[in-house]
Amino acid sequence: MLVQNTVHGVLERLGLESVNSGACGTGWIESPSGGELVSYNPSNRDALARVRMASEADYEAVVSAASETFQRWRLLPAPKRGEIVRQIGEALRMHKADLGALVSMEMGKILPEGLGEVQEMIDIADYAVGLSRQLYGLSMHSERPEHRMYEQWHPLGIAGVISAFNFPVAVWSWNALIAAVCGDCVVWKPSSETPLTAIAVQNICNHVLSRNGWEGVFTLVIGRGSVAGEKMLHDKRIPLVSATGSCRMGYRVAEVVGRRLGRTILELGGNNGVIVAGDADLDLALRAIVFGAVGTAGQRCTTIRRLFLHKPIAPKMIERLKSAYSQIRIGDPLDAHVLMGPLINQAAVDDMMAGLERARAEGGEVLCGGGKPAIQGGFFVEPALVKATPSMPIVKEEIFAPILYVMEFDTIEEAIAAHNDVPQGLSSAMFTNNLRHAETFLSVTGSDCGIVNINGGTSGAEIGGAFGGEKETGGGREAGSDSWKAYMRRQTVTINFSHDLPLAQGIEFHLD
Ligand code: NAD
């Protein structure tokens, strides 16, 4: 009952109290007719809300609104677009506590992580505001006299954002707030597991947009991946699809969008490894490994799934890890003493249990955890430590649950080779105080991932650096550096201010 009251309070303060009637806030389609989706709290399996999905006609209305708005939005100077994003950042600051709590309720991550996710949205809003005055093109020296050559960046169109359940709001903001300052409009299809947080974010945006006369810059389509998601992949009005999710989904997105020569940003599965050298600060490593492996119940794309320990330190580290794992409080993610909430649903629990079975069958040994704790209601599991070898096939797969495979190595070169011997390439880390080891890991023969950390875990990336990974992780980059360029079209301009027509490469072409 206490939890129910909290839910109602949060929904009310976020302006979602009438979400069941499909008529909350401004800018909503009155009665979407695509059927009903129930949002569940994975901690107790209670229904948080019933949400109406978009029908085909609703989808059309949304994409048409985004297309129409784009024609005008692209004409608004980028710093003025930045001002709208600044106001969205302010609105997110105001609603941080409630939105963070709703993320915890609907997704199951602990409250500090729910709040951290909203903070990440605020950080990217700030970043995007600054970026709105820095969408720079280069100028080049022309080989032809009295010619000027430079490049400029124009808005692209509609950016379609397909997001995963585990970062139900932050990943949208990484894309949407950058796309918006770039002059694009955004159509968002969130995970069917987390529609309510998406509605809350849309509601916050709707108020800011309507206050400024810019309805249609951010839009939302709730629906199944196989229905609403597929429509976006095939829709030529959406030149860019930014998709976050499993590798399986990414292959499908790449194939369908690629077939129409659309652009994609793919942020897919990870299988992140940490190498602990014999000279490392083991206290530091232990803290980072436990947070990275157990945080968000192992449901981060950057979760540590593989741990490589130098043989001489392995027995002691394993004992310390077992001790740390036994102290992890599992339970209601809103409880301040809890460090690990539930998995998202029963299928995730089943996947984890099947994964542990396979690990045993392939010769692995479960050192601790891996059971179901005696907590009523939710999809709770105990995080598992599994002694393994790099050649076990299961070690090369991403199981989206808190399973940490522990392996031993003799040389750094052997550890790096095993580290890279998986299909995914998102995040990686090495703990060492030896400059040679660190630089080897950072060199061209070192980690093959998009993200490398020295003396820090694989998760917890900050806004400002480009986030994303190689190989089956999809190659996309978001949230920093020059990743904004994916949301714009580049134009190379050459201006001849001479009285002649010199041709490049010295080609002579005379009409007599
Ligand atoms: P998922 O692949 O099941 O779903 C992701 C999204 O894709 C959902 O919105 C879903 O509805 C949609 N979708 C599914 N099939 C589709 C289709 N045919 N067409 C269009 N859309 C479709 O993933 P999930 O279970 O929600 O999330 C977990 C996965 O996401 C993990 O593999 C995790 O590593 C990955 N992830 C990656 C990153 C990253 O930045 N690399 C970040 C978060 C999550």
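Reader: Which residue takes a positive phi in the hairpin of β1 and β2?

Author: This is a predicted model, and in it R45 has a positive phi near 65°. R45 belongs to the hairpin of β1 and β2, where six residues lie between the strands.

Reader: How many bridges join strand β1 to strand β2?

Author: Strands of a sheet pair through backbone hydrogen bonds, in either a parallel or an antiparallel sense. Here β1 (residues 36-40) and β2 (residues 47-52) run antiparallel and are joined by five bridges. To find one of these strands' pairings in the structure, start at S39, whose bridge partner in β2 is A49.

Reader: What is the order of the strands in the open sheet of three strands?

Author: The order is β3-β4-β19, and the pairing is antiparallel. β3 (139-140) and β19 (488-496) stand at the edges with a single partner strand each, so each has one side without a neighbour in the sheet.

Reader: Over how many bridges do β4 and β19 pair?

Author: Strand β4 (residues 147-155) pairs with β19 over nine bridges, in the antiparallel sense. For a position to look at, take M149, which stands opposite T494 in β19. When reading along a strand, keep a general point in mind: in a regular strand the side chains alternate between the two faces of the sheet.

Reader: Which domains does the domain assignment give for the protein chain?

Author: The assignment gives domain 1 as 5-268 + 474-491 and domain 2 as 272-466. Domain 1 is thus written as two ranges. The C-alpha centres of domain 1 and domain 2 are 30 Å apart.

Reader: How many residues of domain 1 are in contact with domain 2, and what area is buried between them?

Author: On the domain 1 side, 29 residues are in contact with 29 residues of domain 2. The buried area between domain 1 and domain 2 is about 2400 Å², and carbon and sulfur atoms give 63% of that area.

Reader: How many residue pairs are in polar contact between domain 1 and domain 2?

Author: The count is ten residue pairs, with both residues at pLDDT 80 or more. On the side of domain 1 that touches domain 2, the elements giving two or more residues are α4 (96-107) and α5 (111-131). The largest share of that side, six residues, comes from α5. By type, the residues of that side divide into 13 nonpolar, seven polar and nine charged.

Reader: How many salt bridges does the rule find across the interface of domain 1 and domain 2?

Author: The rule finds one salt bridge across that interface. As for salt bridges between named residues, the side chains of R300 and E113 meet in one, at 3.2 Å from N to O.

How values were computed. Residues are numbered from 1 along each chain as its sequence is written. This is a predicted model: local features need pLDDT of at least 70, side-chain atom pairs count only at pLDDT 80 or more; totals for chains, interfaces and linings use all residues. Side-chain values use heavy atoms; hydrogens and water are left out. Two strands pair if DSSP finds at least two bridges between them. Helices (H or I, at least four residues) and strands (E, at least two) are DSSP runs, numbered from the N terminus. Domain bounds come from an automatic or database domain assignment. Contact means heavy atoms within 4.5 Å. Buried area is the accessible area (1.4 Å probe) that two parts lose on being put together, summed over both. A salt bridge is a side-chain nitrogen of Lys or Arg within 4 Å of a carboxyl oxygen of Asp or Glu. A polar contact is a pair of N or O atoms within 3.5 Å; within protein, one must be able to donate a hydrogen and the other to accept it, and residues adjacent in sequence count only if both atoms are side-chain atoms. Ala, Val, Leu, Ile, Met, Phe, Trp, Tyr, Cys and Pro count as nonpolar, Asp, Glu, Lys and Arg as charged, and the others, Gly among them, as polar.
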